[in-house]
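Biologist: Please show me the model, and then I will ask what stands behind the labels.

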Amino acid sequence: MPDEPPIERRPQESERPEYPDAAQRPRVGVDTWVAEHGERVQRGPLRRAAERVPGWARLLAFVAVAAVFPIAVDDEYLQRVGVDTLIFMLLAVGLNVVVGYAGLLDLGYIAFFGFGAYTYAIVSSDKYDYHWPAEATIPFILVVTAALGLLLGLPSRRLLGDYLAIVTLFFGQLFVTITNNSTDVKLPFMDRARDLTGGPNGITDLDPIDFAGVELNSVPRYFWFALALFVLVVVALHFVNESRTGRAWRALREDPLAAEAMTMPVNRLKLLAFAFGAAVAGVTGAIFASLQTAVFPQSFDVSLLIILYAMVILGGTGSLAGVALGAIVVNVLLEGLTNTDDTLPVVGETPPRLLFYGLVAVGLALIVRPWRWLAVAAAATIAFGFAARLVAEQWWERGTAGRPSQAGRIGDLVDGWLLFPRDPVDIGNYAFVALIASVLVLTLLRRPWRWIALAPVLYLAAFVWENRLIQEPSVTRFILLGAILVGLMASRPQGLFGTARVEIA
Amino acid sequence: MSEPERQNEQEGQVERERERVLELRAVSKSFGGLRVLSQLDLVVHDGEIVSVIGPNGAGKTTLFNLITGLYRPDAGDILLEGRSVVGLPPWKITQRGIARTFQTLRLFLNMTVRENVMAAAYGHTKATWLESMLRLPRARREEREIRRLAEEKLGFFGERLVGYRWDQPAYSLSYANRRRLEIARATATRPRVLLLDEPAAGMNPNETLEIAELIGKLRDDGGYTILVIEHDMHVVEGISDRVVALDHGVKIAEGSFDEVATSPRVVEAYLGVRGAKEEAA
Amino acid sequence: MTEAPDTVLARDGDRPAPLLELREIVTYYGEINILRQVSLQVNHGELVCLLGGNASGKSTTLKTCLGIVRPRTGRVVFDGEDVTGRPTNYRIARGMAIVPENRRLFAPMTVRENLEMGAYLNGGGVKEDFDRVYELFPLLHERRSQLAGTLSGGEQQMVAMGRALMSRPKLLLMDEPSMGLAPILVERNFEIIKQVHEAGVAVFVVEQNANVSLSIADRGYVLQTGRVVLEGAASDLLQNEDLRKAYLGR
Amino acid sequence: MDVLALTPWDDWSIFIQLCVNGVTLGSVYALIALGYSMVYGILKMLNFAHGDVYMIGSFLGYFMLTSGLDGPMNLAVPIWLALTLVLLVAMLGAGLLGVAIERFAYRPLRNAPRIAPLISALGVSFFLQNSALLLFGANFRTYDAFTLDGGVLFTKGIFEAWGKDDAIALNLPLLNMLVIGGAIVLMILLTLLVARTRLGKAMRATAFDREAAAMMGINPDRVIMATFFIGSALAGAAGVMVGMLFGQVYHFMGFLAGLKGFTAAVVGGIGSIPGAMLGGLLIGMIEAFSTGYLPEGSKFQDFYVFILLIAVMLFRPTGLLGRADIAKV
């Protein structure tokens, strides 16, 4: 041994506890990465508990609750929201095959939905005078949309994810353009110009689905039909995902090159995923069309695509339960934000207002730590409001001349607190731009300033909401959706319910 | 020292009788005017371990990419068991019997250890998605089989990759275990020929020793024919039946380890004076 | 030879403060804890090596020095100044330079442009900087208009070294200079490192190859799963039983 | 032959007119495509919000143009100065918007899975579109560029007629010339910037290997910011040009234009600056010619552009001027 032995550093007290056999473990040259992996990862207890519930149990619980929904809720509007939600859930799990399993960014997904709906309309209406039975229509749509998916996938087969995104996005746009414009088309093989799709007026008076002798003539029946289909699709997709095919999809999502070197025909698998997604979307389109009893091009524009992606992303791509949950959350949110007519019975407030203030509160609760600051911020905001009101009453009469545009308990509360200018549209617009800028700046500020600036920003948000956004609910909900999507990606890219994946570039 | 020599002597007599499993005939490849491989001939016989050495940029990995179909040769032919594989897609070539590992490790990181190996059995399972969807007997039987296959392949590495590690995600593995998992995954494709791209890179001497032994075991017990790229001359010396040295896409030496290691061209282009001295010592 | 003002006289140890010091660095990558309380130092003009297997956190340590990875706790002190919160470009302006693992040249740019990038913070380098590098590697002068991606492995290594020296660094960081290289290149590489070190530049080498790096280093640290488990003079480390078994083999 | 509604042989003057339209439109698409291409080059992501930046740029130009007291800008400045001012404001505003989008929506996602910034980009696009709808309303706004000088200058052709034996009428409106000329100048400036300047070299280095660039002391954040600024400013310029050409702007105009610019970038070879220019030109020409010569062309010009995209994808997946990346294995 040398005179001065190298210093050996013993782990310090403050570090993790050692293993009981620490003394016997060799200290140099042994990689303990795996052995300690479990304890190196930080994960909440709630999530670990949730992961332990088996998938079939979750599905069963969901079905049990959902099946009684149309009976328990005797309100046709709510039942209708329920069917819509199921349609979205179906669309989301279908999209999940493409995006979540195979990792392909398919932005033309809505076109398949529309294609299924239009196909249903064509074979079940007076337009072409076909009235096929649903037992034939639904398998037919399944096959043709899958075939269309394959066709669209073909040119993209050699392409990276990004290129696929643009081809499919373009395709989605094209679908709307073509359905919108094919009112007076003379193609080379036709003898005269014809109206193919009804243009913006769409195809109307579709037959209701009449499946195996049961005519779907009421909203609850559609609900159960969609629920049954959802369960079928989820179980089928789950089985495929657990098989060699699903494994290969996941492998090609992880590393297409390695997958190909390991005997997986990558292009064929991509096309298959594509066709799967398309088929699910097509069948869902058929239900949608017959529920609506009409199809219009506008129903299949890019907004729907964004909504669907929001659902899939929010839920966490790759997990069936996650995306279904995402679909529920997003659809209920969007419905709630537009429903300005009803006043909720117990709280005495319209849903949009409740949702807005609720979202702000939840958002803050997620971001602000420790929570006592939340109380401080709330108090500061309230104080700031009264101060602003006081100042305005002195110096700016026009600023307090207006009234909340919607009644409700919260409306009454904010009346004496917020400024309500006489002519809110212009001021509201400027305030909206100012609000965006100030929220962005807020994220850049450092600790003390961030808290100080929070109260005025919250007040500004309430001001913009009450004076401007609340008046245009259909635009507002999309603005909020876009903002939530961006915010969610920045803070939790794996989605609310998803697990983070390790990706090495 | 006489062992490789003797073997080499025998080689001359036996060569004609032993099956040529993999054969490259005058293969050339350029990228944008830069010639990476030119007129390369290479033969690998049944049950042989052949090492490819050469300085960086000599075209070693390109050689692997050509054999596995990631690139298409500009000229020449590549034969597996006498049949040309040029122009086939990579997955088909692997199905025919050439599997590889990657120098930069390309595991399916977010899949479990077992799934990584099971995924590689795709090529020799037949259940269609419809059978899987309906859980028909064949799908269930195959699933059981490849599960067993995966566990068997992982068991090849002793205790390293068994038990609780089966269900861990691949990203949680240590570097050395990732290399082992890549080999296990490659063998799950049921190959005839294994191409190992720097299997000992980034391993410490103990692990290197172990991997060298393992490569021998793969040949002896697994029956694979092995072509390996390696920088560690101890490994090359320990495992190779034959060594091929490349420089600038040209074969500069071929023969037993000793012949190649003492070839002046190899010393000049690859080993360097000190490296050659070390080998001599 | 290379002129590295300020550091030429710094080797005799009359300055007590080390050139680079990491103090109890703790780093996470996502949810995974990579470095656990790593402390080490590099003195002026010293050649220090950090040994460790793959995934031991070597590269993370280096990236922490440079500011590419930010530690959760702990401090990085460079040349008497706490640079923990400072960005990479600040640290480079203060005298760090790096030869990254696998060289990481800008392949579609010429050799000269690559060198310019090395002196990016000095406005792309003055003539003396180029002259100094060309003197050290005359071949680069010949190849200056060639695209870096078309060079051979050995030539690329020269560009990477030259690029790092363009900024006249006080401390040269080297990430795995022997990784994936042919024996002849490893040998040449370490000769160049020695040369640069003899010109007075402090060098911090992160390596897996213990033998070759300890043979030229003054001191060494051994890192294992995010902890420094051994440290000492290079000659002493070469004698250490555990280390011999683990890293030197046979 | 029956398939075609009209052939160039029928009327050469129409052919030439379509060429002029095609080149004009093409230069606008090229400007938009450049932004996509630059951002893709440096971040390897498709910036779906780019089309909406273009839309906002167009609106900024509109507000600048109509900022005078009574209707169109009636400041006491020469027309060329007024136009330059409009263009500069739109470019600056769009550039800053691009920088803000990068800073707040993309930068937090640098190390996230590849799909994350794409989704974020979709979100930004959706947000901008609907915000514009809220702020500007759903109606078209008229770009009164023509009234700047009483409608004389812009509609007047450079050559009112080109009297040759076969009497081909050639009308080159000054406005089209201005648009083409402006686009060419911007593209030359950009090419010089990327090839010659220190920033341009830093952009190339960062695009090739961001971490290595950071190790050289280049601040990748700043370089990426500059890239976004330049790309978005070009989109802003394109927005003003389109507003002047077609005389109107609306909140949803960014989507389709973005899609076309995007297609242009891919057709030309994404990441390549000359590729973006070529792709833009090609798409402009196809649109123009499809209105003239292809069946139902005026309704389905998008369809023909799509066919072009598919064809390029099939036969040259890396785009016309793009280089195939050799897969690193």
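**Labels and their grounds**

Modeller: A:D342 sits in the loop between α14 (320-338) and α15 (351-367) of chain A. The model is a predicted one.

Biologist: Why is A:D342 called partly exposed?

Modeller: Its relative accessible area is 38%. Partly exposed lies between the limits of 20% and 50%, so 38% earns A:D342 that label.

Biologist: Which residues form the negative surface patch with A:D342?

Modeller: A:D74, A:D75, A:E76 and A:D341 form the patch together with A:D342. Asp and Glu count as negative, and a patch of like charges takes residues with over 30% relative accessible area and no salt bridge. At 38%, A:D342 is therefore on the right side of that area limit.

Biologist: What makes the patch of A:L325, A:V329, A:L496 and A:F497 nonpolar?

Modeller: Val, Leu and Phe are among the side chains counted as nonpolar. These four residues form a surface patch with about 310 Å² of accessible area together. A:L325 belongs to helix α14 of chain A. Its relative accessibility of 38% makes A:L325 partly exposed.

Biologist: And what makes the patch of B:R135, B:R140, B:R144 and B:R148 positive?

Modeller: Arg counts as positive, and these four arginines gather in one surface patch. B:R144 lies in helix α6 (residues 137-155) of chain B. Exposed means over 50%, so B:R144, at 52% relative accessibility, counts as exposed.

Biologist: Turning to the rings, how many aromatic pairs are there over all chains?

Modeller: A search of the whole structure finds 40. One of them is A:F211 with A:F225, whose ring centres are 5.7 Å apart and whose planes stand at 55°.

Biologist: Why is the pair of A:F211 and A:F225 called tilted?

Modeller: Ring centres must lie within 6.5 Å to pair, planes under 30 degrees apart count as stacked and over 60 as edge-to-face. An angle of 55° falls in neither class, so the pair is tilted. The pair links distant parts of the chain, with A:F211 in strand β5 (residues 210-211) and A:F225 in helix α9 (residues 219-242) of chain A, 14 residues apart.

Biologist: Are A:F211 and A:F225 buried or partly exposed?

Modeller: A:F211 has 31% relative accessibility and is partly exposed. A:F225 has 16%, and buried means under 20%, so A:F225 is buried.

Biologist: Which residues make up the aromatic cluster that includes D:F306?

Modeller: A:F112, A:F170, A:F171 and A:F274 form one cluster with D:F306.

Biologist: How do you know that B:D167 forms a salt bridge with B:R114?

Modeller: The closest N and O atoms are 2.7 Å apart. A salt bridge needs a side-chain nitrogen of Lys or Arg within 4 Å of a carboxyl oxygen of Asp or Glu, so the pair qualifies. B:R114 is buried, with a relative accessible area of 8%.

Biologist: What about B:E254 and B:R242?

Modeller: Their closest N and O atoms are 2.4 Å apart, and they form a salt bridge. The pair links strand β10 (residues 250-255), which holds B:E254, to strand β9 (residues 242-247), which holds B:R242, in chain B. B:E254 is partly exposed at 35%, whereas B:R242 is buried at 8%.

Biologist: What makes D:D221 and D:R110 a tie between parts of the chain?

Modeller: They form a salt bridge, with the closest N and O atoms 2.8 Å apart. D:D221 lies in helix α8 (residues 220-246) and D:R110 in the loop between α3 (79-106) and α4 (115-136) of chain D, so the pair ties together parts that are 111 residues apart in sequence.

Biologist: What is noted about phi of B:E81?

Modeller: Phi of B:E81 is near 50°, a positive value in a residue other than glycine. Most residues other than glycine have a negative phi. B:E81 is in the loop between β4 (75-80) and β5 (83-84) of chain B. C:D79 also has phi near 50°, and C:D79 is in the loop between β4 (73-78) and β5 (81-82) of chain C.

Biologist: Last, why is D:T206 called buried?

Modeller: Its relative accessibility is 1%, and the limit for buried is under 20%, so the label holds. D:T206 lies in helix α6 (residues 198-208) of chain D.

How values were computed:
Residues are numbered from 1 along each chain as its sequence is written. Chains are lettered from A and ligands numbered from 1 in the order in which they are written. This is a predicted model: local features need pLDDT of at least 70, side-chain atom pairs count only at pLDDT 80 or more; totals for chains, interfaces and linings use all residues. Side-chain values use heavy atoms; hydrogens and water are left out. Patches are made of residues with over 30% relative accessible area and no salt bridge: like charges are joined within 9 Å, nonpolar side chains (Val, Leu, Ile, Met, Phe, Trp, Tyr) within 5 Å. Accessible areas come from the Shrake-Rupley method with a 1.4 Å probe; for residues, only the protein chains shown count as cover. The place of a charge is taken as NZ of Lys, CZ of Arg, CG of Asp or CD of Glu. Helices (H or I, at least four residues) and strands (E, at least two) are DSSP runs, numbered from the N terminus. Buried means under 20% relative accessible area, exposed over 50%, partly exposed in between (1.4 Å probe, protein chains only). Rings of Phe, Tyr and Trp (its six-membered ring) pair if their centres lie within 6.5 Å; planes under 30 degrees apart count as stacked, over 60 as edge-to-face and the rest as tilted.
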